[in-house]
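Please load the model in your viewer and keep a selection prompt at hand. The tour below moves from one selection to the next and says what can be found at each stop.

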Amino acid sequence: MKENAHKFSVAPMMDWTDRHCRMFHRQLTRHALLYTEMVTALAIRHGDRERLLGFSPAEHPVALQIGGSAPPLLAEAAKWGEDYGYAEINLNVGCPSDRVQNGRFGACLMAEPELVRDCLGEMRHAVRLPVTVKCRIGIDDQDEEEDFTRFVETVMQAGVSTFIVHARKAWLKGLSPKENREVPPLNYGRVHRLKQRHPELTVVINGGIGSLEEAGEQLKHVDGVMLGRAAYNTPWLLHEVDHRFFGAAAEEVSPVDIVARMKPYVAEQLEKGVWLQNITRHMLGLFHGLPGGRLWRRVLSEEASRPGAGLDVLDKAVEQVASRLKPHAIAAE
């Protein structure tokens with residue numbers, strides 16, 4: 001299996017993987033590929049681009065995920081992403097929400113592979129960056145073998161060679177987005193067969209992978225793994241990614257050290273008027289499973305939301321856990 005930039009990545013997640021979340025994750029791993037929340041091409045054209053696209057160079061490598069279905073508009077949005085300095089542009093063909101469907105993008109585009117091909121083709125012609133696609137293995141009553149094969153082989157005609165595949169169907173009627181992450185059965189074997197059928201592609205698997213051990217097993221079959229909820233809810237697991245998957249030297253670090261690394265960024269954002277809660281909400285799971293973890297969450301949940309909350313809240317939360325942590329407890333994680 002070839003080495004590649006997609007060997008380990010953190011999934012794009014609406015309302016979660018904003019710039020504060022990505023900066024936090026970057027303190028835990030230098031090499032994992034991070035993704036933005038999905039940003040619609042229409043919003044990029046008409047909205048506040050700095051708010052939508054701005055990010056710190058310290059977040060790199062970071063990819064921009066775009067939603068839309070109009071090829072010229074997507075090409076324009078991709079060019080803006082390139083101008084802002086992203087490492088990759090990704091097209092969302094996997095989100096099942098009603099709002100996304102009403103806008104004719106996300107998972108419903110699995111039914112229109114020719115349109116997806118045309119969208120990605122114009123995006124590729126507009127930028128020099130890698131252009132990738134994130135999709136499902138199908139929607140509704142589509143056949144997971146025949147229809148998914150047709151989708152992939154049609155989209156490949158645009159020259160796209162990286163497919164990030166959530167290994168579940170999306171059920172567009174009757175299930176909420178949350179249920180679509182849990183209810184349709186996982187079919188990892190279908191993604192593995194995609195790699196077997198097209199060894200020239202970079203195939204990244206996503207969906208239900210809950211640990212680095214599971215990620216390592218998946219890498220026996222595909223080029224990369226993408227973790228979503230596991231990386232967000234138990235972020236401490238990310239501190240092993242560089243050593244385990246990218247060959248970096250093992251780092252002696254504790255969750256308390258990660259908080260210390262975040263403090264300069266937090267201070268900078270507070271000076272800009274950002275509320276502390278907007279940053280610390282992404283950090284609630286840092287001490288998950290460790291002594292004092294509940295106290296850490298309680299302090300941040302109760303005090304970071306008050307007007308004027310500052311670094312003293314972080315310091316207080318750390319005090320609740322630092323004395324309870326033992327080196328062997330951290331190492332065990």
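**A strand pairing to start from**

Select isoleucine 205 together with valine 225, its bridge partner in S8. These two residues belong to a pairing in which strand S7 (residues 202–206) and S8 run in the parallel sense over 3 bridges, where strands count as paired if DSSP finds at least two bridges between them. Helices and strands here are DSSP runs numbered from the N terminus, with at least four residues (H or I) for a helix and at least two (E) for a strand.

Before going further, note that this is a predicted model, in which local features need pLDDT of at least 70 and side-chain atom pairs count only at pLDDT 80 or more, whereas totals for chains, interfaces and linings use all residues. Residues are numbered from 1 along each chain as its sequence is written, and side-chain values use heavy atoms, with hydrogens and water left out.

**Along S8 and across to S1**

Now extend the selection to the whole of S8 (residues 224–227), where Gly224 and Met226 point one way, Val225 and Leu227 point the other way, and all are buried; buried means under 20% relative accessible area, with exposed over 50% and partly exposed in between, for a 1.4 Å probe and protein chains only. In a regular strand the side chains alternate between the two faces of the sheet. Add strand S1 (residues 8–10), which is joined to S8 by 3 bridges and runs parallel to it, and look for valine 10 opposite leucine 227.

**Leucine 34 and its surroundings**

Which residues is leucine 34 in contact with, once neighbours within four places in sequence are left aside? They are Val10, Arg22, His25, Arg26, Glu59, Pro61, Val62 and Ala63, contact being heavy atoms within 4.5 Å. Leucine 34 lies in strand S2 (residues 34–40) and is buried, with a relative accessible area of 2%. A distance label between the C-alpha atoms of leucine 34 and alanine 87, 53 residues apart along the chain, should read 9.8 Å.

**S3, between two partners**

Next select strand S3 (residues 62–67), where 6 of its 6 residues are buried: Val62, Leu64 and Ile66 point one way, and Ala63, Gln65 and Gly67 the other way. S2 is joined to S3 by 5 bridges in a parallel arrangement, and within that pairing leucine 34 has valine 62 as its bridge partner. S3 also pairs with strand S4 (residues 88–93) in the parallel sense over 4 bridges, with leucine 64 standing opposite isoleucine 89.

**Helix H9 and its cover**

Move to helix H9 (residues 188–197), whose buried residues are Arg190, Val191, His192, Leu194 and Lys195. The elements that cover them include helix H7 (146–155), strand S6 (162–166), S7 and helix H10 (212–218), so S7 can be kept on display from the opening selection.**The whole chain**

Finally, zoom out to the protein chain, which holds 17 helices and 8 strands. Its radius of gyration, taken over C-alpha atoms, is 20 Å, close to the 20 Å that the globule rule gives for 333 residues, so the chain is as compact as a globular protein of that length; the rule is 2.2 Å times the number of residues to the power 0.38. Buried residues make up 55% of the 333, and among contacts between residues at least 6 apart in sequence, 73% join residues at least 24 apart.
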